[in-house]
Every structure is written in C-alpha cells, then in structure tokens.
Amino acid sequence: MVKFAAFALLALVRVAIAIPAYQSLGGLSQREVDLFIRQNPPVVIPNPPGPLVDDSIRMVNDADHPFIAPGPNDMRGPCPGLNTLASHGYLPRNGIATPGQLVDAIQEGFNLGNNFAKFLVYQGFLINGNPLTNLISIGGKSPLTGPDPPAPAIVGGLNTHGTFEGDTSMTRSDAVIGDNHNFNETLFSQFVDFSTRFGVNGTYDINAAAELRNQRIQQSMAENPEFVFVAPRILSAYSEAIFALIFFVDGRQNNRQLTMDAARDFFDLQHMPEGFNRQPAAVDFPVVDPLVTTIFNQHPLTPGVNQGAGNFIPQPQTPVLSDFCGIYEDFVTRIVKGLYPNPQGPLLDALNLNLNFFFEGIAGRGSGCTQVFPYGQPSNASTPSAPAATGSAIMPTVSVTPGSNMTESAATVMPTISATPVSGSNFTGSAVIPAASATASSNSTGSNSTTST
Ligand code: HEM
C-alpha cells in the first residue's frame, strides 16, 4: 500500500510538472513558426520515392560507393544500418538527409521494401527530424537541419533518447547507464558470446537473436533504474534484432546467419564487407514480421517500465507487440502529438503530410489499421491507397547558419499518458506511465558520434 501510494504520488508530481510545461511552450508555437516562415523562402516536400524498379540482387559495396570513414563533423548514430549507408555514400556522408534520401538509401543499399522503408523512415523523421526544413540527422543534434520548430519539439536526430532510440540495444548502452549511440565493445563481446552459444556455427541466427534479445532485456531490468520497455520501443527492439540477421547477411548466402566478421564490419566499423550483395528481393513486412514474432515467442513479455533497478512494473494496458495498429495509434497520438501539441500553418501542413506518408507504410502492411488524425482530418487528406494524391507541400527553405537556434535543452520529451489499470493484471501503479516522459539526455545531444571500441 505504501509502495502504491508513493508511486501514485510520483505519478501526480510528474503530471504536474509535465502538462503546464507543454501548454506554455505550446503557446509560443504559432508566433515562432510565423516568424520563421516570414524569414525563409519556401521549400517543397516531395512525395516519398516508390519501390525500386529493379530489386534484384546486386553488389552494393561497389566502385560508386566506396567506404570512407566519417570525418570529425560527420554525424553517425545508434543505427548501424544507416551509419553504414552514410559511410558508403548511399546517404549524404555528413549524416544529414531528407526522408526521401533515407527511403532511397535503405531500398538501394539493403533492399528494403517500399512500405517497410516508409514505415521506418517517417517514424524516425516525425519525432527526430525537422518538418520545417525536411532534414534529419542520423546522429546527434545538428545545426545543419536548420532552425527548429519551437519546443516541446526536439529535432534532436536519431540519438535522442526516449524517441526512436530506446533502451536495451544489443551494441549500445542504455542512456542512463552510458553512451546510447556509440558502439560498445563489451556489449559486442556478449553478442559474440551468445552467437557462439546459441547460433549455428557461431553465427548470429534466429536462436541467438532470441536469446540475446531476452538477455539484454533482463540486463536492463536489473541495471537500469529508468528502463522503459513500452511501445514503440517494444517493436523496434525486436525488429532491430531481426534486421541484423536479414540485411547484414550477404544476399548470395541469404541464410539468416550473420558471421562475426560481418557483424564486426557493420556494428563497429560501419562498413559493408568486401563484395557485399544486398538481399535478393525486396524485404517487406511479410518477411520481417514472422521472424519478430518467433523471437518474441521464445521469451514473451508484457510491456513495462522500471521503478528503480530490478523493479519492473508491467504496463499491460499499453499496446503489446502483436497490436500493430495500437502501437501506430499510440505513436501518433502520444509521441508525435506530445512533441507538436498545437501546430499551425505550414508546420501543421508538413506534419500532416509526413503523417500521411507514414500511414502509407502502415497501410501497406495490410493489417487494417485505421488512419489516426491527431490534428483533425485535413481537408485535402488523401487515402494511402492513392498515394499520388498526397501532393507535396511548399515549406520554408533554410539558410542555415551553423549554431543558429541550436540549444542543447533537456526538454521533457513525451507527455505522460493516462493508463487505466487492467483488472486482474499485476499492474501496481495508478495512472501514469512515468518513464514515457523521457528527457533528452545529455549524451543524446552530442554533436558527433563515431565508433569507439
Ligand atoms: C530510416 C530507417 C531507419 C531508422 C530511422 C533507424 C533508426 C534506428 C535507431 C534509432 C536505432 C537505435 C535503437 C536503439 O538501439 O535504441 C537503430 C538500431 C538498429 N538499426 Fe536502424 N534504422 C533504420 C533502418 C535500418 C536498417 C535499414 C537496418 C539494417 C540494414 C537497421 C539496423 C539496425 C540495427 C541492427 C539496430 C540495432 C542496434 C543495436 O541494438 O545495437 N536500421 N536504428
């Protein structure tokens, strides 16, 4: 009872802190955006690229895409896939890209299917990118993405903890424990160890993935007092465990068994192995989903958060891994809206457009999800079955002055959400999922990240 009361009190305090902050900051939005629009000429937000015309196997570590190690000002972040694409020039080598460039790069370089590519790209872009300039950093916050929309928007790049980036990564630390975006040699040793113990011929395969995924979760539960394992992290954590055994395996083998040499290349060195071939056909949800389900089912888990190290509180009222549409709705209504509570004018147009592009990927999965409109249904909204009609928006261009308008603020990222305890569950808290109110941690706003071994 004492524990329950303390938890409820903590939850209320967090609500009290969080909500007024959003309201007051949100009120500045229109003025600042208006000023920005007046000072900057328009930029066009194009529709996302379509599927590859030729999605057959081909060598992607080719003469046109040589590996060049990142320079001191080039952004690299928590995603070994995107880091590698930048270091081979499939993405701009400085790590600053448009969503369209990201879709192109992951399709070209690794052969992701178009729906899956749009789902990943716009998920990341909506919460870590700059809707006003149509640019995102694949690492830390950068002046090259232009002046930010007003807080509580962060536009912190992929390193921003508690947004796309989350806890229990395979080769990166949890943010409250250490560096959440650079390669971690100790964790990689564990990756090798689990591959040796559980994988065929010492490879990282589906069994190794299932055991390592579970091990990292158990470690975060035990060690990270602020461990968060609710949507959308539950989906990305299991998915990323699968990405490595699909996309990092040479398409000529395509046996879902990642050798340790290739793992070292991608995770640590951020380059493709010599003569590397991409997947032999576009890989979309139908390939990824069953593998994700397989590793989850080996160690099923209710989403939850830690209230102190070793004290994992299940949150069964939040979307579970199999509830894809619930995860989508939670993402749009809680996270996107938390960052952009009251957008107006061109900022609103850009967000609605990107939400549409995101939903195109969701709809392409064929799960029957209903589109959610956090800002009301725009009058020109189109259905994803007619993506060509989504049009493009004219947005302000940026004359970027490095350092302009770039603060390393530790703003509260996400709103707390009301949660109704499910009767019969072992949920002990009352009202709020505290850990979803992540803060942009100091190590998530660093200017640059290259690998450290
Ligand atoms: C634009 C699309 C993508 C975005 C926005 C993205 C973003 C991210 C982010 C933010 C993380 C860190 C999550 C965390 O550990 O907290 C991550 C991890 C990861 N990504 Fe990506 N990613 C994308 C595409 C890809 C692709 C195409 C691949 C594979 C070719 C890939 C492979 C991985 C892997 C294996 C991890 C796990 C790293 C680890 O746990 O140590 N990603 N990605």
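Let me start with the core. The largest nonpolar core holds 97 residues. Ala209, Tyr238, Ala241, Ile242 and Ile295 touch the most other members. Which helix gives this core its largest share? That is H11, residues 345-364, with 11 residues. As a general point, nonpolar side chains in soluble globular proteins tend to be buried together.

Keep in mind that this is a predicted model. I will come back to confidence in a moment.

Stay with Tyr238. Leave aside its neighbours within four places in sequence. Tyr238 is then in contact with Arg213, Val292, Ile295, Phe296 and Leu321. Ile295 is also among the core residues that touch the most other members.

Next, the ligand. There are 25 residues around it. Which of them come nearest? They are Cys79, Gly81, Gly124, Ser169 and Thr171. Four helices each give two or more residues to this shell: H2 at 80-87, H3 at 99-110, H4 at 114-128 and H7 at 233-247. H7 supplies the largest share, with 5 residues. By class, the shell has 16 nonpolar, 6 polar and 3 charged residues.

Now the sheet. This one is open, with 3 strands in the order S4-S5-S6. The pairing is antiparallel. S5 covers residues 304-306, and its pairing with S6 runs over 3 bridges. One of the residue pairs is Gly304 with Pro314, the latter in S6. Why do S4 and S6 each have a side without a neighbour in the sheet? S4, at 228-229, and S6, at 312-314, stand at the edges with a single partner strand each, so one side of each is left open in that sense.

Overall numbers, quickly. The protein has 453 residues, and 51% of them count as buried. There are 11 helices and 7 strands. Take contacts between residues at least 6 apart in sequence. Of these, 74% join residues at least 24 apart.

Last, confidence. The mean pLDDT is 82, and 76% of residues reach 70 or more. Where does it fall below 50? Residues 1-28 are one such stretch. Beyond near neighbours in sequence, residues 1-28 have 33 contacts in the model. Residues 382-392 are also below 50, and that stretch has 17 contacts beyond near neighbours in sequence.

To recap: a nonpolar core of 97 residues, a ligand shell with its largest share from H7, and an open sheet of 3 strands. That is my summary. Thank you.

Definitions and conventions
Residues are numbered from 1 along each chain as its sequence is written. This is a predicted model: local features need pLDDT of at least 70, side-chain atom pairs count only at pLDDT 80 or more; totals for chains, interfaces and linings use all residues. A residue is near a molecule or strand if its C-beta atom, placed from the backbone, lies within 6 Å of it. Ala, Val, Leu, Ile, Met, Phe, Trp, Tyr, Cys and Pro count as nonpolar, Asp, Glu, Lys and Arg as charged, and the others, Gly among them, as polar. A nonpolar core is a set of buried Ala, Val, Leu, Ile, Met, Phe, Trp, Tyr and Cys residues joined through C-beta atoms within 7 Å. A residue is buried if 20 or more other C-beta atoms lie within 10 Å of its own, exposed if 12 or fewer, and partly exposed in between; C-beta atoms are placed from the backbone. Two residues are in contact if their C-beta atoms, placed from the backbone, lie within 7 Å. Two strands pair if DSSP finds at least two bridges between them. pLDDT is the predictor's confidence in each residue, from 0 to 100.
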